[in-house]
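Hi,

Here is the structure I said I would pass on. Have a look at it first, and my notes on what turned up are underneath.

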Amino acid sequence: MKYQTAAAVIMATAVAGFAVAKAPDIDPARIDSEVARILKQAEQRPESKQQPDGKAIRQEVVKHLQSIEILKNAALKAGLDKDPEVRNQFLTMEAEFYAAQYADYLKRTAEISNAELLKFYDQQTRMIKIQQVSFDTPEEARAAQELLLKGLSFEELTKRYPNQQPAFEDFVMARQLRQPLAGILGPMNRGEVTHNPVEIENKFFLFKISEVQKDPQAPPFDLIRDQLTQLLKEDKAQQQIHQLLRENGIEQ
């Protein structure tokens, strides 16, 4: 009897030593936040016909958060937070995370007026026909500008300086032009000529907007208003980011 009792105690102790530890508790707010993020991603995929299973998603989120928490604690126990290379990578990932969050914040908080939205719609649906003359040096281009100021027409200028570059024979979408042309030519009106020579691949160009029209296939404004709002918010956010970087010595 004493032998059986001792054996039972030894067995119970051994089993207790191999008992599975309780998974770490996760703050419900973290779980809610991650579930909301996943559901939002699902909403942004309208092609998916399957409704997301909220209960199953929550279970997977809890399991995932518990798993990474266990592994994080193991990494800290192993002293990886003291490893210089690991620390450097962590700081970079942290900076990238906050940078992305700030970009999202700028988009969420951007204020868009109806006038701005209508102007943006015009820019997105604007088609232009372009005339151009190219020169080898900026001095030659400025000399040609002087001729225009004295009354020479752009058409006469193109004859005096035959175009060595491929001509724009058809209408083009202003927003689809590569930079810096999109930013320079996009806002220009019919008949306007660029105020300064535009340097592209070691050539210097003068451009004229000969015709302007709206894309005949453009959807009505009201039909794409929400989409335009999001695009304009993203555009405003990017402008703010570029401005902030320039103010801190980073040129794009």
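**Helix pairs**

Let's start with H5 and H9, which are roughly perpendicular to each other, because their packing angle falls between 65 and 115 degrees. The angle between helix H5 (residues 114-124) and helix H9 (residues 225-247) is about 95°, and their axes are 10 Å apart. On the H5 side the contact uses Asn114, Glu116, Leu117, Phe120, Tyr121 and Gln124, and H9 brings Arg225, Leu228, Thr229, Leu231, Leu232 and Lys236. Sorted by class, that H5 and H9 contact has 6 nonpolar, 3 polar and 3 charged residues. Before going further, one caveat: this is a predicted model.

The other pair I looked at is helix H2 (residues 28-43) with helix H3 (residues 54-77), packed at an angle of about 125° with axes 10 Å apart. Why are these two called oblique? An angle of about 125° lies outside the bands for roughly parallel, roughly antiparallel and roughly perpendicular, so H2 and H3 count as oblique to each other. The crossing of H2 past H3 is right-handed. From H2, the residues involved are Pro28, Arg30, Ile31, Asp32, Glu34, Val35, Ile38 and Leu39, and they meet Ile57, Arg58, Val61, Val62, Leu65 and Glu69 of H3. This contact of H2 with H3 has 9 nonpolar and 5 charged residues, with no polar ones.

One residue in that contact is worth a click: Glu69, which sits in helix H3. Is Glu69 buried or exposed? Its relative accessibility is 16%, and since buried means under 20%, Glu69 counts as buried. Setting aside residues up to four places away in sequence, Glu69 touches Pro24, Ile26 and Arg30. Arg30 is also among the H2 residues that meet H3.

**The chain overall**

Zooming out, the secondary structure comes to 9 helices and 4 strands. Along the sequence the pattern reads α-α-α-α-α-β-α-α-β-α-β-β-α. The chain has 252 residues, and buried residues make up 23% of them. If you take the contacts with a separation of 6 or more, 72% of them are between residues 24 or more positions apart.

**The sheet**

The 4 strands form an open sheet in the order E2-E1-E4-E3, with antiparallel pairing. Which strands are at the edges? They are E2 and strand E3 (198-200), each of which pairs on one side only.

Here is how the pairings go, one by one:

- E1 and strand E4 (residues 203-214) run antiparallel over 10 bridges, and Ile130 has Ile209 in E4 as its bridge partner.
- E1 and strand E2 (residues 172-173) are also antiparallel, over 2 bridges, with Ile128 standing opposite Val172 in E2.
- E3 and E4 pair in the antiparallel sense over 3 bridges, and Ile200 is bridged to Lys203 in E4.

Strand E1 (residues 126-135) is mostly covered, with 8 of its 10 residues buried. Helix H6 (residues 138-149) lies across E1 and E4, and runs at about 45° to E4.

For a closer look at the E1 and E4 pairing, pick Ser210, which is found in strand E4. With a relative accessible area of 18%, Ser210 falls under the 20% cut-off and is therefore buried. Ser210 and Ile130 are 80 residues apart in sequence, yet their C-alpha atoms are 5.8 Å apart in space. Leaving out residues up to four places away in sequence, Ser210 touches Lys129, Ile130, Gln131 and Arg190.

**One more residue to look at**

Last stop is Leu106, in helix H4 (residues 84-109). Leu106 counts as buried because its relative accessibility is 4%. What does Leu106 contact, leaving aside neighbours within four places in sequence? The residues are Ala237, Gln240 and Ile241. Leu106 and Ile241 are 135 residues apart in sequence and 8.7 Å apart in space, C-alpha to C-alpha.

That's the tour from my side.

Cheers

Technical notes:
Residues are numbered from 1 along each chain as its sequence is written. This is a predicted model: local features need pLDDT of at least 70, side-chain atom pairs count only at pLDDT 80 or more; totals for chains, interfaces and linings use all residues. Side-chain values use heavy atoms; hydrogens and water are left out. Axes are lines fitted to C-alpha atoms, for helices over the stretch in contact, and angles run from 0 to 180 degrees between N-to-C directions. Angles under 35 degrees count as roughly parallel, over 145 as roughly antiparallel, 65 to 115 as roughly perpendicular and the rest as oblique. A crossing is left-handed if the near helix is turned anticlockwise from the far one by less than a right angle, and right-handed if clockwise. Contact means heavy atoms within 4.5 Å. Ala, Val, Leu, Ile, Met, Phe, Trp, Tyr, Cys and Pro count as nonpolar, Asp, Glu, Lys and Arg as charged, and the others, Gly among them, as polar. Buried means under 20% relative accessible area, exposed over 50%, partly exposed in between (1.4 Å probe, protein chains only). Two strands pair if DSSP finds at least two bridges between them.
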